[in-house]
Amino acid sequence: MTESTTCETTEKFLIEDDRTGMSVETLKRAFTDQLFYLQGKYESLATTDDYYMALAYTARDRLLRRWLKTLQTYNEKDVKTVYYLSAEFLMGRHLGNSLINLGLLDRVTQAVEESGLNIHDLLEQEPDPGLGNGGLGRLAACFLDSLATLELPAMGYGIRYEFGIFTQAISEGWQVEIPDKWLRLGNPWEIVRPNEKVEVKFGGYTEVYHDEKGNPKVLWIPKERVMGLPYDTPVPGYNTNTVNTLRLWKAESSDDFNFQAFNSGDYDGAVASKMRSETISKVLYPNDNTPQGRQLRLEQQFFFVSCSLQDIIRHHLKANSSLDNLPDKAAIQLNDTHPAVSIAELMRLLLDEHGFEWDRAWRITKKTFAYTNHTLMPEALERWAVSLFGAVLPRHLEIIYEINQRFLADVKTWYPGDEGLLERLSLIEEGAEKSVRMAHLACVGSHAINGVAALHTELLKQDVLKDFYKLWPEKFFNKTNGVTPRRWMLLSNPQLCDLITEKLGSDYWLTHMDDLRKLEAYIDEPAFCDRWKQIKRSNKERLAAYILQNNGIEVSTDSIFDIQVKRIHEYKRQHLAIFHVITLYNRIKADPKVYVQPRTVIFGGKAAPGYYMAKLIIKLINAVAEVVNRDPDVRGRLKVVFVNNFSASLGKLIYPAADLSEQISTAGKEASGTGNMKFSMNGALTIGTLDGANIEIREEVGEDNFFLFGLTAAEVYALKAQGYNPWDYYHNNSDLKGVVDRIASGDFSNGDPQLFKPLVDSLMYHDDYLLFADYQDYIDCQDRVSQAYQNQDQWTRMSILNSARMGKFSSDRTIDEYAKEIWKVEPVAIEVDDYHQSTGR
């Protein structure tokens, strides 16, 4: 519904309030007032950032009434709420998304431009908070958007990292990490809540004592106490009054300043506690290659988990007299294993702080939590050394041992004599150094476990978590991921959305994506197809302009825009794509007159700072680009571009411009992927393996509209089991040998054969992700892509069908399934009354 937001003057005219009014004139007046009263600037002195901040506050004002009304409604109705715990939230820029969800983008654009400014400049001025590493954080952001759009009571919890994922620069082809100072100019979207601080304990030891009834109890005597300060950000739904909350915690010292140390001349010691405490929320994912880094990661995870659970309990007890009904009022979702220590922390709070006995506390805990697994990589299933865990969280280690003892006692009863099963299921991994298995803890302490794509869930059942599936098949669900079409279509590709809305007669499809199927009726209509092609070309022109400005490389929009943007990792196989580039280059060098379909191959993504091989892949991409792009023999048929510092906001430019989406991970390694969905929604065709959500995308868009290659997951397992030898592929495939030899000889490293030797040796002697095995099928498939692209009418038809058949992959569908099948939560409509300035209500 639309807020009328009026107040009555003595002349009986109705004038909109500057805080909430929606007309262009009111927006212009509010924008000017924010510049003066909040930024403290006259227009003649204002910077672009001042104007951005003024516009952001103008938009936030229009969210606040809905936001507060949402919170009030949830509290008054004591509704069951979803609490989404995630170490990452890649929300993207807030301003454009908020204006779209409020239905204000057109009016604000008019107001800004009538003020003599450019709306694009102001939107681009906003920092993109890098509070996540990739798909995990972006998925969490999409889920919050859908929760609000579906009017589901929800709250996200995470960490307010002072420095997010690093800003990536490229120097001489190498990745260089620069601190992400996203808060340097302030953040107009957050509201700090100092009255809702919580205390978090670390280290120390435990003591057993007896309560007044003689029952044994445990007292945790910590070595250190840290305060968690909450910062709240509004998350508006699309075309609804619901505005949910993202609460991020900042770590502060419980004792900011030591006067005694200061007065004695120990100035560093006077602020040591403050500095130590604030380190916890300083940086996203500190490098864990050192003991200090591993400890800090564990402290980060426990910090935000403890803050969030204490906050949830505090909120619950305001409306309820007991925690016994917590599962009826709270559904806590663990987004991967990072927040898995929640299981032990809720048990501690119930046992030690609220006096529950074990069985009662355990029933509440299991009914409250649900766990999403996001990986099939064993090394990504977090484990913490028992020695470290006990030093940081001594009470929690005791609780985990108790959970494990009781759990294994049950397993012995269910499967007597199966010692191997006990060892595999144990929460404690034995070995030279014992470790706590966090995925096991999440499985045992949750009432639901879900994968994020059909294949992923099946592989969890058959392999990674097969023993838990044997115990509790009823716990396992599949919830194929999705992405929000509001950000990834409406905000990113407005021309395409205008065309779709025109053909379908309304924008109903933005919240009911299955309606896109109706576009299939127009695939043989020449005028519609021509407009589709024109929009794709326009989007390619925007990206080409960006590449020219930022990379100094001129690319042709007539070429295939062949794009792979995602986190750099060996299993994602960016190096397979660069092998294809070198294969094409070798063909040209062998016969400079050979026909090669013009192609621009675009990469983007960040490598973890401590992941040398991923950094070497980035260097290889840039080294190949330097040679290929300068070679006169190539003559514009092939260009290679590495777009540095890929982010959610840069994705808005890239996804709509792609002709071909590279989703080429080794089958059985990618849990789902969401970039594949964003590309396809915007009309890109996919070249990919049967991995993650690729399988379901292919099922939806049709086999003829998807370029499939590579081994299946079953074939990968079988090949490795029989003894995979990459040398056989190298010796038996002259094209592959030519690619490897060109890299190894130093052709892309100024004659230095040592530069890429670690990568070449890894492939030749191990090739853990079967790049050699999939190489020829990939090259053949790429040849089919080139041939298909030459028939532009047919390519456009395939592009339209990709978009039209992507309805399943809206995050609205995913969240609706979670709500109905796992969380058992219902929508709550938010009614917003007219705002009257005289009452302030």
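**Exercise 1. A patch on the surface**

Which residues make the nonpolar surface patch of about 520 Å²? Work out where Leu 45 sits and whether Leu 45 is buried or exposed.

*Solution.* Keep in mind throughout that this is a predicted model.
- Step 1: the patch is made by Phe 36, Tyr 37, Tyr 42 and Leu 45.
- Step 2: take Leu 45 and find its place in the chain; Leu 45 is in the loop that runs between α1 (24-37) and α2 (48-77).
- Step 3: the cut-off for exposed is over 50% relative accessible area. Leu 45 has 58% relative accessibility, so Leu 45 counts as exposed.

**Exercise 2. A covered helix**

Find out how many of the 12 residues of helix α12 are buried, then look at what comes just after the helix.

*Solution.*
- Step 1: α12 spans residues 342-353, and 11 of its 12 residues are buried, so call this helix mostly covered.
- Step 2: go through the names. The buried set includes Ile 343, Leu 346, Met 347 and Leu 350, but also Glu 345, Arg 348 and Asp 352.
- Step 3: step off the end of the helix. Just after α12 you meet Gly 355, with a positive phi of about 70 degrees.

**Exercise 3. Two cores**

Describe the largest nonpolar core, pick out the helix that gives the most to it, and list what Phe 707 touches.

*Solution.*
- Step 1: a bit of background: in soluble globular proteins, nonpolar side chains tend to be buried together.
- Step 2: here the largest nonpolar core has 181 residues. Those with the most contacts inside this core are Phe 303, Phe 389, Phe 579, Phe 707, Phe 772 and Trp 823.
- Step 3: helix α24 (residues 612-630) gives the most to this core, contributing 11 residues.
- Step 4: zoom in on Phe 707, setting aside its neighbours within four places in sequence. Its contacts include Leu 660, Leu 685, Ile 687, Cys 781, Val 785, Trp 795 and Met 798. Thr 686, Gly 688 and Arg 784 are among the contacts too.
- Step 5: don't stop there. A second, separate core has 55 residues, among them Cys 497, Leu 519, Ile 563 and Ile 654.

**Exercise 4. A sheet and a salt bridge across it**

Give the strand order of the open sheet that holds β15, β16 and β17, then say what Glu 429 does there.

*Solution.*
- Step 1: this sheet has 3 strands in the order β15-β17-β16, with antiparallel pairing.
- Step 2: β15 (383-385) and β16 (428-429) are the edge strands, each pairing on one side only.
- Step 3: β16 is joined to β17 (residues 435-437) by 2 bridges. Across from Glu 429 stands Ser 435 in β17.
- Step 4: now the side chain. Glu 429 and Arg 383 meet in a salt bridge of 3.0 Å, N to O. Glu 429 lies in β16 and Arg 383 in β15, so this pair ties together parts that are 46 residues apart in sequence.
- Step 5: check the cover. Glu 429 is partly exposed, with a relative accessible area of 23%, and Arg 383 is partly exposed at 36%.

**Exercise 5. Long-range salt bridges**

Which residue forms a salt bridge with Lys 479, and which forms one with Glu 700?

*Solution.*
- Step 1: Lys 479 pairs with Glu 821, their closest N and O atoms being 2.8 Å apart. Lys 479 lies in the loop between β19 (476-478) and α20 (485-491) and Glu 821 in helix α34 (residues 811-823), so the pair links parts that are 342 residues apart in sequence.
- Step 2: Lys 479 is buried, with just 1% relative accessible area, whereas Glu 821 is partly exposed at 36%.
- Step 3: Glu 700 pairs with Arg 517, with 3.3 Å between the closest N and O atoms. Glu 700 belongs to helix α27 (residues 694-701) and Arg 517 to the loop between α21 (494-504) and α22 (526-551), so parts 183 residues apart in sequence are tied together.

**Exercise 6. Positive phi outside glycine**

Locate Asn 239 and Asn 645, and give the phi of each.

*Solution.*
- Step 1: most residues other than glycine have a negative phi.
- Step 2: Asn 239 has a positive phi of about 60 degrees. Asn 239 lies in the loop between β11 (224-236) and β12 (243-253) and is exposed, at 63% relative accessible area.
- Step 3: Asn 645 has a positive phi near 60 degrees. Asn 645 is found in the loop between β22 (638-643) and α25 (648-654) and is partly exposed, at 24%.

Definitions and conventions:
Residues are numbered from 1 along each chain as its sequence is written. This is a predicted model: local features need pLDDT of at least 70, side-chain atom pairs count only at pLDDT 80 or more; totals for chains, interfaces and linings use all residues. Side-chain values use heavy atoms; hydrogens and water are left out. Patches are made of residues with over 30% relative accessible area and no salt bridge: like charges are joined within 9 Å, nonpolar side chains (Val, Leu, Ile, Met, Phe, Trp, Tyr) within 5 Å. Accessible areas come from the Shrake-Rupley method with a 1.4 Å probe; for residues, only the protein chains shown count as cover. A salt bridge is a side-chain nitrogen of Lys or Arg within 4 Å of a carboxyl oxygen of Asp or Glu. Helices (H or I, at least four residues) and strands (E, at least two) are DSSP runs, numbered from the N terminus. Buried means under 20% relative accessible area, exposed over 50%, partly exposed in between (1.4 Å probe, protein chains only). A nonpolar core is a set of buried Ala, Val, Leu, Ile, Met, Phe, Trp, Tyr and Cys residues joined through side-chain atoms within 4.5 Å. Contact means heavy atoms within 4.5 Å. Two strands pair if DSSP finds at least two bridges between them.
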